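Here are some exercises to work through with the structure on your screen. Try each task before you read its solution.

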Amino acid sequence: KNIVEACAKFCPEAIIGIVMNPMNSLVPAMARLYEKSGLDPRQIIGITSLDGVRANKFVHIETEAPIENVSVPVVGGNAGPCTIPLFSQDP
């Protein structure tokens, strides 16, 4: 909350990427906070690539494939049992 408020005050043109859980609660809450400051709430975005990065790293470690050749798509939510890496779809 403090970071979003500081960005609203000192760099109101910035686009803020949030990488925190629970994403589905924090992004709307911070967007509303931004909107109350008179700013565009669409400047607050959630970054969900972290689960894909984790899956790629796991495959890289287990298979010793070059990390740049690993691309595991992840579907579902962004926490625990809701996150489903699609290992079979990795080229």
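**Exercise 1. A charged pair in a loop region**

Is Arg42 buried or exposed? Then find its salt-bridge partner and say how accessible that partner is.

Solution. Keep in mind that you are looking at a predicted model. Start with the accessibility of Arg42: it is 69%, and exposed means over 50%, so Arg42 counts as exposed. Next, look for an acidic side chain close to it. The side chain of Arg42 meets that of Asp40 in a salt bridge, at 3.0 Å from N to O. Finally, check Asp40: with 27% relative accessibility, Asp40 counts as partly exposed.

**Exercise 2. How far to trust the model**

Find the mean pLDDT of the chain, and then the elements with the lowest and the highest mean.

Solution. Begin with the whole chain: its mean pLDDT is 87. Of its residues, 93% reach 70 or more. Now go element by element. The lowest mean, 78, belongs to strand β3, residues 74-76. At the other end is α1, with the highest mean, 91.

**Exercise 3. The other salt bridges**

How many salt bridges does the model have? Track down those that Exercise 1 left out.

Solution. The count comes to 3 salt bridges. You have already met Asp40 with Arg42. Another one joins the side chains of Glu5 and Lys1, at 3.9 Å from N to O. Here Lys1 is exposed, at 60% relative accessible area, while Glu5 is partly exposed, at 34%.

Then there is Asp51 with Arg54, whose closest N and O atoms are 3.5 Å apart. Both sit in helix α3 and are 3 residues apart, so about one helical turn separates them. Asp51 has a relative accessible area of 14%; the cut-off for buried is under 20%, so Asp51 is buried.

**Exercise 4. A buried glutamine**

Which residues does Gln43 touch, leaving out those up to four places away in sequence? Work out its setting as well.

Solution. First place the residue: Gln43 lies in the loop between α2 (23-36) and β2 (44-46). Its relative accessibility is 13%, so Gln43 counts as buried. Now list the contacts: Pro12, Glu13, Ala14, Ile15, Ile16 and Tyr34. One of these deserves a closer look. The side chain of Gln43 reaches the backbone oxygen of Pro12 at 2.9 Å.

**Exercise 5. From a loop residue to a patch**

Where is Ile15, and which nonpolar surface patch does it belong to?

Solution. Ile15 is one of the residues that Gln43 touches. Its place is in the loop between α1 (2-10) and β1 (16-18). With a relative accessible area of 62%, Ile15 is exposed. Ile15 forms a nonpolar surface patch with Val19, Ile45, Ile47, Leu50 and Val53. Together, these residues have about 500 Å² of accessible area.

**Exercise 6. Two buried residues of α3**

What do Gly52 and Asn56 touch beyond four places in sequence?

Solution. Take Gly52 first. Gly52 lies in helix α3 and, at 16% relative accessibility, counts as buried. Its contacts are Val72 and Val74. Check the Val72 contact along the chain: Gly52 and Val72 are 20 residues apart in sequence, yet their C-alpha atoms are 6.3 Å apart.

Now for Asn56. This residue lies in helix α3, which covers residues 50-63. Asn56 also counts as buried, at 16% relative accessibility. Asn56 touches Ile67, Val70, Ser71 and Val72. So far you have Val72 in contact with Gly52 and with Asn56.

**Exercise 7. Around the end of α3**

Look at Glu62 and Glu64. What is the phi of Glu64?

Solution. Start with Glu62, which lies in helix α3 and is exposed at 57% relative accessibility. The C-alpha atoms of Glu62 and Met23 are separated by 29 Å, with their positions 39 residues apart along the chain.

Move on to Glu64, in the loop between α3 and β3. At 69% relative accessibility, Glu64 counts as exposed. Its phi is positive, about 60 degrees, although Glu64 is not a glycine. For background, most residues other than glycine have a negative phi.

Technical notes
Residues are numbered from 1 along each chain as its sequence is written. This is a predicted model: local features need pLDDT of at least 70, side-chain atom pairs count only at pLDDT 80 or more; totals for chains, interfaces and linings use all residues. Side-chain values use heavy atoms; hydrogens and water are left out. Patches are made of residues with over 30% relative accessible area and no salt bridge: like charges are joined within 9 Å, nonpolar side chains (Val, Leu, Ile, Met, Phe, Trp, Tyr) within 5 Å. Accessible areas come from the Shrake-Rupley method with a 1.4 Å probe; for residues, only the protein chains shown count as cover. A salt bridge is a side-chain nitrogen of Lys or Arg within 4 Å of a carboxyl oxygen of Asp or Glu. Helices (H or I, at least four residues) and strands (E, at least two) are DSSP runs, numbered from the N terminus. Buried means under 20% relative accessible area, exposed over 50%, partly exposed in between (1.4 Å probe, protein chains only). pLDDT is the predictor's confidence in each residue, from 0 to 100. A polar contact is a pair of N or O atoms within 3.5 Å; within protein, one must be able to donate a hydrogen and the other to accept it, and residues adjacent in sequence count only if both atoms are side-chain atoms. Contact means heavy atoms within 4.5 Å.
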